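Trainee: Got a minute to go through this one with me? I'd like to start with charged pairs and then look around.

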Amino acid sequence: MRLFLSLALLLASPALAQTTPAPAPAAEKLSIDWPIEALMADPVGKAVMDKEMPTLMSHPAYEQFKSMSLRQLQPYSGGAITDEKIAAVEAALEAASKAKS
């Protein structure tokens with residue numbers, strides 16, 4: 001019975017991983033590769049995102065893409081997230097991380 005429960009939990013884990021928000025790395029500097037929701041959960045990251053991409057959090061599909069990074073979301077953005085925008089957010093996050101530490 002225990003083996004069955006353990007196996008059931010292991011099989012359920014990938015599904016849980018997809019729905020559980022990815023936490024921000026605690027000791028790392030802010031990064032464009034963090035999940036969007038992790039950036040938004042960090043006060044400094046949220047300030048950068050609100051400045052650089054002010055409509056992102058209010059997008060109707062936010063709940064569907066919030067677990068993705070901006071790089072992962074870019075191909076699905078219909079050109080709204082350009083390489084230049086990624087570079088601007090990345091530079092702002094780097095500057096904010098330096099100021100934060």
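**Salt bridges and surroundings**

Mentor: Sure. Let's begin with Glu-52 and Lys-85, whose side chains form a salt bridge at 3.8 Å, N to O. Keep in mind that this is a predicted model.

Trainee: Where do Glu-52 and Lys-85 sit, and how many residues apart in sequence are the parts they tie together?

Mentor: Glu-52 belongs to helix 3 (residues 43-52) and Lys-85 to helix 6 (residues 83-100), so this pair links parts that are 33 residues apart in sequence.

Trainee: Is Glu-52 buried or exposed?

Mentor: Glu-52 is buried, because its relative accessibility is 16% and the cut-off for buried is under 20%. Lys-85 counts as partly exposed at 25%.

Trainee: Which other side chain does Glu-52 meet in a salt bridge?

Mentor: Lys-51, with N to O at 3.7 Å. Lys-51 is exposed, with 65% relative accessibility.

Trainee: Why would side chains like these pair up at all?

Mentor: Opposite charges on side chains can pair when the charged atoms come close.

Trainee: OK, and how many salt bridges are there in the whole structure?

Mentor: Seven turn up in a search of the whole structure. Another one of them joins Lys-98 to Glu-94, where the closest N and O atoms are 3.5 Å apart.

Trainee: How many residues apart are Lys-98 and Glu-94 in helix 6?

Mentor: Four, so about one helical turn separates Lys-98 from Glu-94. Lys-98 is exposed, at 58% relative accessible area, while Glu-94 is partly exposed at 34%.

Trainee: Which residues are joined into one network by salt bridges that share partners?

Mentor: Asp-33, Arg-71 and Glu-90.

Trainee: Switching topic: how much space is in the largest pocket?

Mentor: About 200 Å³. Its lining includes Glu-52 and Lys-85, the pair we began with, along with Met-53, Leu-56, His-59, Phe-65 and Tyr-76, among others.

Trainee: What classes of residue does the lining of the largest pocket have?

Mentor: Seven are nonpolar, three polar and two charged. Glu-52 and Lys-85 are on the lining list, and both Glu and Lys count as charged.

Trainee: Let me zoom out. How many helices and strands does the protein have?

Mentor: Six helices and zero strands, which reads as α-α-α-α-α-α along the sequence.

Trainee: What share of the residues is buried?

Mentor: Buried residues are 28% of the 101 in the protein. As for the surface, the protein exposes about 6800 Å², with carbon and sulfur atoms supplying 64% of that area.

Trainee: And what about contacts between residues at least 6 apart in sequence?

Mentor: Of those, 52% join residues at least 24 apart.

Trainee: One last stop, Ser-69. Where is Ser-69 found?

Mentor: Ser-69 is in the loop between helix 4 (62-65) and helix 5 (70-73).

Trainee: Buried or exposed, for Ser-69?

Mentor: Buried, because Ser-69 has 4% relative accessibility.

Trainee: So which residues is Ser-69 in contact with, leaving aside neighbours within four places in sequence?

Mentor: Ile-32, Asp-33, Trp-34, Pro-35 and Ile-36. You've met Asp-33 already, in the salt-bridge network with Arg-71 and Glu-90.

Note on methods: Residues are numbered from 1 along each chain as its sequence is written. This is a predicted model: local features need pLDDT of at least 70, side-chain atom pairs count only at pLDDT 80 or more; totals for chains, interfaces and linings use all residues. Side-chain values use heavy atoms; hydrogens and water are left out. A salt bridge is a side-chain nitrogen of Lys or Arg within 4 Å of a carboxyl oxygen of Asp or Glu. Buried means under 20% relative accessible area, exposed over 50%, partly exposed in between (1.4 Å probe, protein chains only). Helices (H or I, at least four residues) and strands (E, at least two) are DSSP runs, numbered from the N terminus. On a 1 Å grid over the protein atoms alone, a cavity is a set of points where a 1.4 Å probe fits but cannot get out, and a pocket is an open set with protein on both sides within 12 Å along at least five of seven lines; lining residues have an atom within 4 Å of a point. Grid points are joined across faces, edges and corners, and a volume is the space filled by probe spheres set on the points. Contact means heavy atoms within 4.5 Å. Accessible areas come from the Shrake-Rupley method with a 1.4 Å probe; for residues, only the protein chains shown count as cover.
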